[in-house]
Amino acid sequence: MRIELTPEQSRFRKTVRDFAATAVAPRAAEIDASDLFPRDLVSAAAARGLLGITVPDAAGGAGRDYVSYALAVEEVAAASATLGAILVVNNSLVAEVVHRFGTDGQKDAWLARLASGRAIGAFALSEAQAGTDAARQETTATAHGEGYLLRGRKVWVANGAAADVAVIFAAAGPAARGRGVSAFLVPLDLPGLTREATDDPLGVRGLGCVDLRLDDVEVPASALLAGSGQGFDVAKWALDGARIAIAAEGLGVGRAAFEVALRHARTRETFGHPIGEYQAIQWQIADIATELDAARMLVLRAAAARDVRERVTLEASMAKLAASEAAQRAADRAMRILASAGYRRGTTAERLLRDARALEIVAGTSEAQRMIIAAQVAAGGP
Ligand SMILES: Cc1cc2nc3c(=O)[nH]c(=O)nc-3n(C[C@H](O)[C@H](O)[C@H](O)COP(=O)(O)OP(=O)(O)OC[C@H]3O[C@@H](n4cnc5c(N)ncnc54)[C@H](O)[C@@H]3O)c2cc1C
């Protein structure tokens, strides 16, 4: 396995790092305070090929590998976890899904638009009673004429406030569990679809999370992604990719926390010395750096595997667990090192703490990752 980046991957990372530093970082505090979806920044990211990073050029994407995608998400998330998460949803959970499972008609209608930012995508799996227990879908898809009627309510649909299209999961009936669930690609301007903004989220604010109400939404059979009843195959494949990308986001958030902590350690003096001269502080800095680098190895391994294998469930869950928890610990240690200097609304340290916490929930909680990892290793690995 290669650990070094190729010259092209390094060049791409530098381009994204410059974009993040000049265009994204100056906006992060305002996005957090306003909780408004940053449409203009998403367009700026799209102009740099960040909305369909792994979608082939021929289909309107940037045609890059998964390692490059992970590098890009880390760079953007180091400046704004919110923009990082917006990219993850659009790339892993929608554009890649349309490319992998869509019919020619679905690809023609949506792929180039999603990859260029002319359309924004969302992914609606979770329900009030179906988070970790995602198979407990109460949204139903009942046969109706040549197509289906969708009825139910989805929660925490990220990008939902601005999205033009969503991958929506629905069950054939209440007892269907995972086997009877189908995935549909649904334009969000159809009659019967209503969005209700998620109330005052703690972190990754501006992600445009909504509840999506489906009141007998009529969709044609051509809206199906993969076949009828194949929805969980779609979800699992998509979540493999999203977990790698959320892990990369954890590296970015963790790195931002590391930089905040290091700066404070160098400048804050007590007892006549910068606090960074004290071993108690140095060890925390050392632990943040080591845990992030360890997680980075898992992220790069998972991303490299995604480029060559259809399913990378074990690698993706390990990377997601390690990187999101490393980010959380980095943000917590940064707050400890800043003490009262961080403990105020509006500081970078407090935003990072709230943002890092979200990464341990989205695309499956840490407990869910541990369940997946345990099942995979018990079955003998990938
Ligand atoms: C910011 C944000 C964005 C999101 N974006 C999306 C999105 O775009 N699309 C989407 O579909 N969903 C989205 N979600 C929803 C997310 O996927 C769920 O919140 C997540 O899967 C956890 O589900 P839950 O919140 O219902 O927790 P629950 O499933 O109720 O879990 C509660 C607690 O119990 C633990 N737990 C549950 N079952 C077990 C078990 N068997 N063993 C051990 N522990 C267990 C969990 O780990 C957790 O700690 C988002 C959530 C957030 C916070």
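**Exercise 1. Two residues with positive phi**

Task: Asp216 lies in strand β7 (residues 210-220); work out whether Asp216 is buried or exposed, and then do the corresponding work for Asn159.

Solution. Keep in mind throughout that the structure is a predicted model.

Step 1. Begin with the backbone of Asp216, which has a positive phi of about 50° although the residue is not a glycine.

Step 2. Next, count the neighbours: Asp216 has 11 other C-beta atoms within 10 Å, and a residue is exposed if that count is 12 or fewer. Asp216 is therefore exposed.

Step 3. Turn to Asn159, which is placed in the loop between β3 and β4 (165-171) and which, although not a glycine, has a positive phi of about 70°.

Step 4. Asn159 has 26 C-beta neighbours inside 10 Å, and a residue is buried if the count is 20 or more, so Asn159 counts as buried.

**Exercise 2. Two buried loop residues**

Task: For Glu127 and then for Ser80, state which loop holds the residue, and find which residues are in contact with it once neighbours within four places in sequence are left aside.

Solution. Step 1. Glu127 is found in the loop between β1 and β2 (140-144), and because 21 other C-beta atoms lie within 10 Å, Glu127 is buried.

Step 2. With those sequence neighbours left aside, the contacts of Glu127 are Gln137, Glu138, Thr139, Gly152, Arg153, Lys154 and Val155.

Step 3. As a distance to check in the model, the C-alpha atoms of Glu127 and Leu321 are separated by 23 Å, and these two residues are 194 residues apart along the chain.

Step 4. Ser80 has its place in the loop between α4 and α5, and with 30 C-beta neighbours inside 10 Å it counts as buried.

Step 5. Not counting residues up to four places away in sequence, Ser80 touches Val24, Arg27, Ala28 and Ile31. The C-alpha atoms of Ser80 and Pro26 are separated by 9.2 Å, while the two residues are 54 residues apart along the chain.

**Exercise 3. The chain as a whole**

Task: Decide why the radius of gyration of the protein chain agrees with that of a compact globule, and describe the make-up of the chain.

Solution. Step 1. A compact globule with 382 residues would have a radius of gyration near 21 Å, and the protein chain has 21 Å, so the two values agree.

Step 2. Along its principal axes, the C-alpha trace spans about 80 × 45 × 40 Å, and the secondary structure comes to 11 helices and 10 strands.

Step 3. Of the 382 residues in the chain, 53% are buried. Among contacts between residues at least 6 apart in sequence, 75% join residues at least 24 apart.

Step 4. Look now at the largest nonpolar core, which has 139 residues, and in which the residues with the most contacts are Ala70, Ala166, Val167, Phe184, Ile244, Val299 and Ala334. Helix α7 (residues 231-267) gives the most to this core, with 20 residues.

Step 5. Take Val299 from that list: leaving aside neighbours within four places in sequence, Val299 is in contact with Ala70, Ile244, Ala247, Ala248, Leu251, Ala319 and Ala323.

**Exercise 4. Domains and the ligand**

Task: Describe how domain 1 touches domain 3, and then find which residues come nearest to the ligand.

Solution. Step 1. The chain is divided into domain 1 (7-120), domain 2 (122-229) and domain 3 (232-378), and the centres of domain 1 and domain 3, taken over C-alpha atoms, are 20 Å apart.

Step 2. The contact takes 24 residues from domain 1 and 24 residues from domain 3. On the side of domain 1, α2 (28-34), α4 (66-79) and α5 (81-101) each supply at least two residues, and α5 gives the most, with 11 residues.

Step 3. Sorted by class, the residues on this side of domain 1 are 15 nonpolar, three polar and six charged.

Step 4. Around the ligand there are 22 residues, of which Ser126, Gly131, Thr132, Thr365 and Glu367 come nearest. By class, this shell has 15 nonpolar, five polar and two charged residues.

Step 5. The shell draws at least three residues from each of domain 2 and domain 3, and at least two of its residues come from each of β1 (121-124), β3 (147-157) and α11 (366-378).

Methods:
Residues are numbered from 1 along each chain as its sequence is written. This is a predicted model: local features need pLDDT of at least 70, side-chain atom pairs count only at pLDDT 80 or more; totals for chains, interfaces and linings use all residues. A residue is near a molecule or strand if its C-beta atom, placed from the backbone, lies within 6 Å of it. Helices (H or I, at least four residues) and strands (E, at least two) are DSSP runs, numbered from the N terminus. Ala, Val, Leu, Ile, Met, Phe, Trp, Tyr, Cys and Pro count as nonpolar, Asp, Glu, Lys and Arg as charged, and the others, Gly among them, as polar. Domain bounds come from an automatic or database domain assignment. A nonpolar core is a set of buried Ala, Val, Leu, Ile, Met, Phe, Trp, Tyr and Cys residues joined through C-beta atoms within 7 Å. Two residues are in contact if their C-beta atoms, placed from the backbone, lie within 7 Å. The radius of gyration is taken over C-alpha atoms; the globule rule is 2.2 Å times the number of residues to the power 0.38.
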